[in-house]
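These are my notebook entries on a single protein chain. I looked up helix burial, charged pairs, nonpolar packing and a pocket, in that order.

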Amino acid sequence: MHREVTVTKGAVTEDTMPLSRRDFLKLGGLTAATLSATSCSVLGRRLAVDELPSSLSAPMAVPVAAVNEPGADSVAQTPADATLRLLNRAGYGPRPGDLERARQMGLEAYLDEQLNPEGIEDTAAELLIRNLNAYHQDVGHLVTQEPVDVALELGAATLYRAVYSHRQLYEAMVEFWSDHFNIYLRKAPFMVFLKVLDDREAIRPHALGKFRDLLNASAHSPAMLVYLDNVRNVKGEPNENYARELMELHTLGVQGGYTQQDVQEVARALTGWGVGRRGRDEGQFRFDPDHHDTGAKQVLGHNLAAGRGEEDVLDVLEILVTHPGTARFIATKLVRRFVADEPPAALVERVAQVYTETDGDVKAMLRVIFLSEEFASAPPKLKRPYSYVVSALRALNAEVGQLRPFVHWLEALGQLPFHWPPPNGYPDVSAAWANNLLPRWNFALALLTGELRGAAVPFDELLAAGRVNTPADALDLLAGLTLGRSLDEEAQALFSGYVGDGRLADPRTQRRLREAAALLLASPAFQWT
């Protein structure tokens with residue numbers, strides 16, 4: 001039966017419109033052919049939007065090796081664009097002009113720049129974050145704020161940085177470690193206050209540093225100790241929750257060789273390791289020696305003498321961070337995130353070796369990953385929902401305002417930051433997200449048709465910068481911004497037939513071009529990188 005697609009108020013429905021559902025899916029299949037195996041706030045947004053290059057040009061078409069019909073089991077394959085892949089996976093995708101700049105620099109030079117974010121000018125993002133109020137307060141002032149307001153500021157700080165920051169790899173690693181050391185924002189009414197501190201003081205300072213520093217900061221994070229119940233872990237009544245996740249999720253992994261006895265011994269070592277509840281210590285890390293089990297302990301074959309206090313935990317952290325199982329576990333997670341859902345074993349071993357040789361240096365491990373043959377020839381990975389939203393905003397140089405509308409969309413897509421209840425963090429594998437794609441189509445249409453409050457796409461400015469004169473030129477420009485290449489002949493014909501050959505200033509042509517841009521954002525070629 002012939003069914004057609006209608007665009008209404010930013011939503012995809014099955015009704016009537018000149019672009020049929022068959023054509024919609026066909027366009028998606030064709031675009032898959034590129035795939036391979038206040039004042040500061042206003043000024044910050046203005047600076048970010050003004051970073052649009054004075055001129056834009058569509059890149060050359062990439063030769064297509066094979067095209068699969070929509071619904072096929074595998075994804076169409078073409079020669080990989082290593083630089084575009086790096087921008088998509090080691091960040092949130094290129095903004096206009098980014099891809100050309102990275103190609104001119106060369107992949108390795110661009111990577112080296114990203115691995116040293118302190119040398120990257122980032123005025124627009126810094127101004128946007130500086131304008132936030134609660135996000136910068138100490139815990140004593142934070143607890144006097146409304147939790148919902150603080151949560152919105154934390155979300156705004158995260159989204160602004162992802163969309164506007166030039167330090168893309170750094171922001172990608174902040175997200176990676178926020179998942180690795182996951183903390184659920186709704187665990188308790190005051191958790192949002194503690195998570196702000198965790199973001200500022202545990203994750204961000206060490207995202208590209210040494211893993212031992214990350215682990216130590218997380219172990220001293222009040223948010224983590226509350227989330228995983230170590231505040232209830234006292235002598236005589238041990239709580240094993242944090243001890244277990246410290247080994248299973250933060251260091252060794254479930255196959256890391258520890259036993260239930262090790263969990264119990266680590267829990268004993270962690271007794272008294274908690275958070276102040278009142279006075280000047282409220283909301284801050286605090287070790288209570290009166291609640292600490294001072295007996296002798298044995299962890300993973302290492303003896304901890306009796307009669308000690310905080311040294312027990314520090315020794316446990318050292319045992320875990322230097323364990324070969326931790327090297328393999330961290331290497332596996334990094335390779336899974338950035339290379340493939342099934343991490344290539346040889347690359348995992350090389351990255352684990354670098355972990356061991358460099359004392360867990362994150363930059364060194366990432367350099368091996370992104371310059372590896374396995375990364376260059378990796379199979380496609382589906383963007384997680386948050387990356388999809390941010391990359392769509394970046395591709396079209398969108399201006400982001402209020403956060404509340406994005407909360408709705410990210411919940412619908414399934415990945416609102418800091419809202420994953422289990423301690424294992426949002427999934428990294430494509431299969432976890434592949435069955436919830438309709439909200440992505442609706443998001444793209446809402447963004448391009450003006451139905452998304454809180455974001456604006458400077459469509460006219462993009463067309464002006466591209467110096468386009470015809471709808472066909474505009475389509476090529478939009479394909480370059482979203483897919484990093486020109487459309488092939490068949491896709492160009494389908495899109496051109498939908499948009500028509502009217503004047504660019506014609507409202508109908510403008511509307512169809514916006515809808516075409518939304519289709520490009522909804523295509524497999526944009527979603528799988």
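The entries below record what I looked up in this model, which is predicted.

**Entry 1. Helix 20**

I began with helix 20, which spans residues 385–395. I asked how many of its residues are buried. The helix is mostly covered, and the count is 11 of 11. The buried residues include P385 and Y386 at one end of the list and R394 and A395 at the other. Y388, V389, V390 and L393 are also among them. I then looked just past the helix, where N397 adopts a positive phi of about 55 degrees.

**Entry 2. The salt bridge of R384**

I next turned to charged pairs and obtained a count of 30 salt bridges. One of these joins the side chains of R384 and D179, with an N to O distance of 2.6 Å. I checked where the partners sit: R384 is in the loop between helix 19 (373–376) and helix 20, while D179 belongs to helix 9 (residues 168–180). The pair thus links distant parts of the chain, 205 residues apart.

Are these two partners buried or exposed? R384 counts as buried because its relative accessibility is 6%, under the 20% cut-off. D179 has a relative accessible area of 8%, so I recorded D179 as buried too.

**Entry 3. The salt bridge of E411**

I looked up a further pair, E411 and R186, whose closest N and O atoms are 3.5 Å apart. E411 is in helix 21 (residues 404–413) and R186 is in the loop between helix 9 and helix 10 (191–203), so this salt bridge ties together parts 225 residues apart in sequence. For accessibility, I noted that E411 is partly exposed at 42% relative accessible area. R186 has a value of 51% and is therefore exposed, since exposed means over 50%.

**Entry 4. D312, K297 and a network**

The third pair I examined was D312 with K297, where the closest N and O atoms lie 2.6 Å apart. Because D312 is in helix 15 (residues 311–321) and K297 is in strand 5 (residues 297–299), the pair connects parts 15 residues apart in sequence. I found both D312 and K297 to be buried.

I then asked which residues are joined into one network by salt bridges that share partners. They are E175, D179, R337, R384 and D428; the R384 and D179 pair of my second entry has both its residues in this set.

**Entry 5. The largest nonpolar core**

I moved on to nonpolar packing. The largest nonpolar core has 157 residues. Those with the most contacts inside this core are M173, W177, L366, F370, F406 and L447. Helix 8 (residues 147–164) gives the most to the core, with 10 residues. I followed M173 individually: leaving aside residues up to four places away in sequence, M173 touches A207, L208, L334, F338, V362 and L366.

**Entry 6. The second largest pocket**

Finally, I looked up the second largest pocket, for which I noted a volume of about 410 Å³. The lining comprises 22 residues, and the closest to the pocket centre are A151, L152, L185, L416 and H419. Which helix gives the most to this lining? Helix 8 does, with seven residues. Helix 21 and helix 8 each supply at least two lining residues. By class, I recorded 17 nonpolar, two polar and three charged residues in the lining.

Technical notes: Residues are numbered from 1 along each chain as its sequence is written. This is a predicted model: local features need pLDDT of at least 70, side-chain atom pairs count only at pLDDT 80 or more; totals for chains, interfaces and linings use all residues. Side-chain values use heavy atoms; hydrogens and water are left out. Buried means under 20% relative accessible area, exposed over 50%, partly exposed in between (1.4 Å probe, protein chains only). Helices (H or I, at least four residues) and strands (E, at least two) are DSSP runs, numbered from the N terminus. A salt bridge is a side-chain nitrogen of Lys or Arg within 4 Å of a carboxyl oxygen of Asp or Glu. A nonpolar core is a set of buried Ala, Val, Leu, Ile, Met, Phe, Trp, Tyr and Cys residues joined through side-chain atoms within 4.5 Å. Contact means heavy atoms within 4.5 Å. On a 1 Å grid over the protein atoms alone, a cavity is a set of points where a 1.4 Å probe fits but cannot get out, and a pocket is an open set with protein on both sides within 12 Å along at least five of seven lines; lining residues have an atom within 4 Å of a point. Grid points are joined across faces, edges and corners, and a volume is the space filled by probe spheres set on the points. Ala, Val, Leu, Ile, Met, Phe, Trp, Tyr, Cys and Pro count as nonpolar, Asp, Glu, Lys and Arg as charged, and the others, Gly among them, as polar.
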